[in-house]
Amino acid sequence: NYILSERERSQFILLMILSSDEQLSLYHFTSALNVSKNTVLRDIKYAQNIVHKYDLEIVYSRLNGYDLSGNEWNVRKLMIDILHSIFIIHHDEGYIHHLTDLSKYEIANCKQRLEEVENRLALKFSDERIKILPYVIAILLKRISKGKWITDSYHIDYEELSDTKEFEATEILIQNVERIPKVERLFITLQLLTANTLEANFLTKNELSHFIDALRASLDLF
């Protein structure tokens with residue numbers, strides 16, 4: 001019985017655009033959100049204000065339906081920020097499953113592979129991040145498979161990231177994905193590196209006390 005706010009509806013419209021396998025029309029939005037056409041048009045206008053902050057634009061054509069125009073790097077940042085915001089508000093996955101093309105099988109598969117990544121790297125992702133990561137990875141793989149790739153690789157340091165164990169672990173996540181550019185694999189590596197991980201073999205009392213001492217010394221030096 002929860003009634004979505006204008007901002008929440010706008011975020012879900014954007015998430016639908018980001019994750020859809022089909023061409024989206026106003027009908028898709030009115031049907032999914034159970035609101036009128038005029039309400040959706042106002043929500044799209046609101047969503048335009050959101051995406052402008054990322055130097056993006058919502059565009060429409062009869063051939064391709066609603067889509068986002070702009071730098072793919074910024075599209076990814078928008079997607080991650082929206083997922084983070086939705087999870088903060090709703091604390092569950094029900095709305096996302098209802099309003100996107102992400103199937104429960106896809107998400108379950110991503111969760112299983114992320115567990116394999118944790119095992120390979122001997123670490124645990126933070127509780128907050130592990131909720132969002134399966135959706136981030138699932139949408140990333142959808143966009144990559146549709147040829148919506150990052151083109152400005154200057155954001156990523158190839159040498160530093162390609163030599164990490166996280167880069168090797170991305171093999172688990174990109175199984176069965178054809179023609180994945182190296183820059184996309186590096187982008188997925190970034191998602192693992194920024195996942196606020198906790199070392200699984202690090203949380204003994206003895207090691208933790210040494211870590212605290214080292215942290216204090218580092219702060220003193222700084």
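**Notes on the predicted model**

1. Let's start at the hairpin: Ile58 stands opposite Leu68 in strand β2. Strands β1 (residues 57-61) and β2 (residues 65-69) run antiparallel and are joined by five bridges, and three residues lie between them in the hairpin. Strands count as paired if DSSP finds at least two bridges between them.

2. A word on ground rules. This is a predicted model, in which local features need pLDDT of at least 70 and side-chain atom pairs count only at pLDDT 80 or more, while totals for chains, interfaces and linings use all residues. Residues are numbered from 1 along each chain as its sequence is written, and side-chain values use heavy atoms, with hydrogens and water left out.

3. On confidence, the protein chain has a mean pLDDT of 86, with 90% of its residues at 70 or more; pLDDT is the predictor's confidence in each residue, from 0 to 100. Among the elements, helix α3 (residues 37-52) has the highest mean, 97, and strand β4 (residues 198-199) the lowest, 56. Please keep in mind that where pLDDT is low, the predicted coordinates should not be read in detail.

4. Overall, the protein chain holds 11 helices and four strands, taken as DSSP runs numbered from the N terminus (helices H or I, at least four residues; strands E, at least two). Of its 222 residues, 45% are buried, meaning under 20% relative accessible area with a 1.4 Å probe, protein chains only. Among contacts between residues at least 6 apart in sequence, 69% join residues at least 24 apart, a contact being heavy atoms within 4.5 Å.

5. Next, helix α2 (residues 26-33) against α3: their axes come within 9 Å and cross at roughly 105°, so the two are roughly perpendicular to each other (the class covers 65 to 115 degrees). Axes are lines fitted to C-alpha atoms, for helices over the stretch in contact, and angles run from 0 to 180 degrees between N-to-C directions. Leu26, Phe29 and Thr30 in α2 meet Lys37, Val40, Leu41 and Ile44 in α3.

6. Helix α1 (residues 6-19) packs on α7 at about 50°, with the axes 9 Å apart, which makes α1 oblique to α7 (neither under 35, nor over 145, nor 65 to 115 degrees). Here Leu15, Leu18 and Ser19 in α1 meet Ile139, Lys142 and Arg143 in α7.

7. Arg143 deserves a look of its own. Arg143 sits in helix α7 (residues 127-145) and, at 3% relative accessibility, counts as buried. Leaving aside residues up to four places away in sequence, Arg143 touches Leu18, Glu72, Val75, Arg76 and Lys148.

Terms used. Buried < 20%, exposed > 50% of the residue type's maximum accessible area, 1.4 Å probe, protein only.
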